[in-house]
Amino acid sequence: HARAGTAPRRVAVAEGTAAVDLDALALHTELPAAIADGQLRVHYQPLVTAGTHRVVGVEALVRWQHPERGLLGPGAFVPLAERSQAIVALTRWVLREAVAQCAAWRADGHDVGVSVNLSAAVVGEPTLVGTVRDVLAAHRLDPGVLTLEVTESALLADPAGAAAVLAALRAAGARVSLDDFGTGYTSLTMLRQLEVDELKIDRTFVAAAPQAPADAAIVRALVDLAHRLSVEVVAEGVEDARTAEVVRGLGADVLQGFHFSRPVPAADVFAAAPAPVREVVLPADEPVRAPR
Ligand code: C2E
Ligand code: MG
Ligand code: MG
Ligand code: MG
């Protein structure tokens, strides 16, 4: 035993690590009961058209209202859930909640879709396609209002298997989106093989585009490639007006980020615009002029 005050640094580091792991273990253990007990929440972040900033969709982002620890972000527990079957129950819950909320908004006259994130483990889950069909049918929703987001890394373990699942989801009418695109190791040809509907350019490229020519070039190239494949482009992580304008100029179709809204509870999404306002569409190239 080391005497007090002389313990080697290595031990202190090991103890710190163990404490974190125990913390994670506790959350991991609590999660299934927490889902059943109704402690999960979904917050929604708007997606807006690049030109007129009209809300066309929302991304469902899960949170855990933990009785002792407060509101936890997905980074604190989704990776833990992914290590067990808990991710299947979590995803099913988020899907049900998000689709029900989308149906409610649509019944109120808001023409919006909803996007739900899928982990790799869920893409490989045999019940996924059936769950998606059932959830949409329960609300008599046009399946095209649901977009399922997957990351490149989620496809790496079993690209052929994942491609088959994504094809089945699309056959059921849902849209498929490649999330955080550009950060993984997927080759660009995967875009063609997968036949996705949407590509979300990772926010690292988006945030850098206004000042870094290389990042702007990457965004432009991804937009051009996607558009040639009839894939819609979402720029994520738009944090200011300048970035919104730059990525619109680079061809992005839809924008998402703190500049427009942080993820918020469902009740706050349309709080500023309770009744849908009819959009006045102006010709894109013509500046607005006051009548003479
Ligand atoms: P994601 O799918 O890429 O979601 C976008 C994340 O970026 C969200 O973080 C959002 O709050 C954040 N974000 C949005 N706009 C901006 C911005 O302008 N600037 C910055 N710096 N960040 C922005 P959040 O909610 O913490 O979610 C993190 C990740 O957790 C998500 O990344 C997604 O991969 C995962 N996740 C969230 N909900 C679920 C879920 O229900 N199931 C699964 N499997 N994963 C989920
Ligand atoms: Mg996402
Ligand atoms: Mg993303
Ligand atoms: Mg991300």
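**Notebook: ligand 1, its pocket and the cavity**

I began with the surroundings of ligand 1 and counted 21 residues around it, the closest being N117, S119, D179, E239 and F258. The model is a predicted one, and every value below is computed from it.

*Entry 1, polar contacts.* I looked up which side chains hold polar atoms close to those of ligand 1. For E239, a polar side-chain atom lies 2.5 Å from a nitrogen atom of the ligand. For D180, an N or O atom of the side chain is 3.1 Å from an oxygen atom of ligand 1. For R203, I noted 3.2 Å between an N or O atom of the side chain and a nitrogen atom of the ligand. I then checked how much of ligand 1 is covered: alone it exposes 810 Å², and the protein buries 81% of that.

*Entry 2, the shell.* I sorted the residues of the shell around ligand 1 by class and found eight nonpolar, five polar and eight charged. Which element gives the most to this shell? I found that β2 does, with four residues.

*Entry 3, where the ligand sits.* I compared the position of ligand 1 with the open spaces in the model, and ligand 1 sits in the largest pocket. The elements with two or more residues in the shell around ligand 1 are β2 (55–66) and β6 (175–181).

*Entry 4, the largest pocket.* I recorded about 880 Å³ of space in the largest pocket. Its lining has 34 residues, and E59, L61, P74, N117 and D179 lie nearest the centre. N117 and D179 are also among the closest residues to ligand 1. By class I have 15 nonpolar, ten polar and nine charged residues in the lining of the largest pocket.

I went through the lining of the largest pocket by element as well. At least two residues each come from β2, α3, β4 (113–117), β5 (146–151), α6 (152–156) and β6. The largest share is that of β2, with five residues.

*Entry 5, the cavity.* I next looked for enclosed space. How many cavities of 30 Å³ or more are there? I counted one. The largest cavity holds about 60 Å³ of space. I listed its lining as V88, T91, R92, L95, V122, E125, T127, L128 and T131. The elements that contribute two or more residues to this lining are α3 (86–107) and α5 (128–138). Of the elements, α3 gives the most to the lining of the largest cavity, with four residues. By class, I noted four nonpolar, three polar and two charged residues in the lining of the largest cavity.

*Entry 6, cross-check.* I looked for an element that turns up in both linings. α3 supplies at least two residues to the lining of the largest pocket, and α3 also gives four residues to the lining of the largest cavity.

Definitions and conventions
Residues numbered from 1 in each chain as written. Chains lettered and ligands numbered in written order. Predicted model: local features only at pLDDT ≥ 70, side-chain atom pairs only at ≥ 80, totals over all residues. Heavy atoms only, no water. 1 Å grid on protein atoms, 1.4 Å probe; cavity = no way out; pocket = protein on both sides within 12 Å on 5 of 7 lines; lining within 4 Å. Points joined across faces, edges and corners; volume = space filled by probe spheres on them. Nonpolar A, V, L, I, M, F, W, Y, C, P; charged D, E, K, R; others polar. Near = heavy atom within 4 Å. Polar contact = N/O pair within 3.5 Å; in protein donor to acceptor, adjacent residues only side chain to side chain. Areas by Shrake-Rupley, 256 points an atom, 1.4 Å probe, with all protein chains shown as cover. Sits in = over half its atoms within 2 Å of the grid points.
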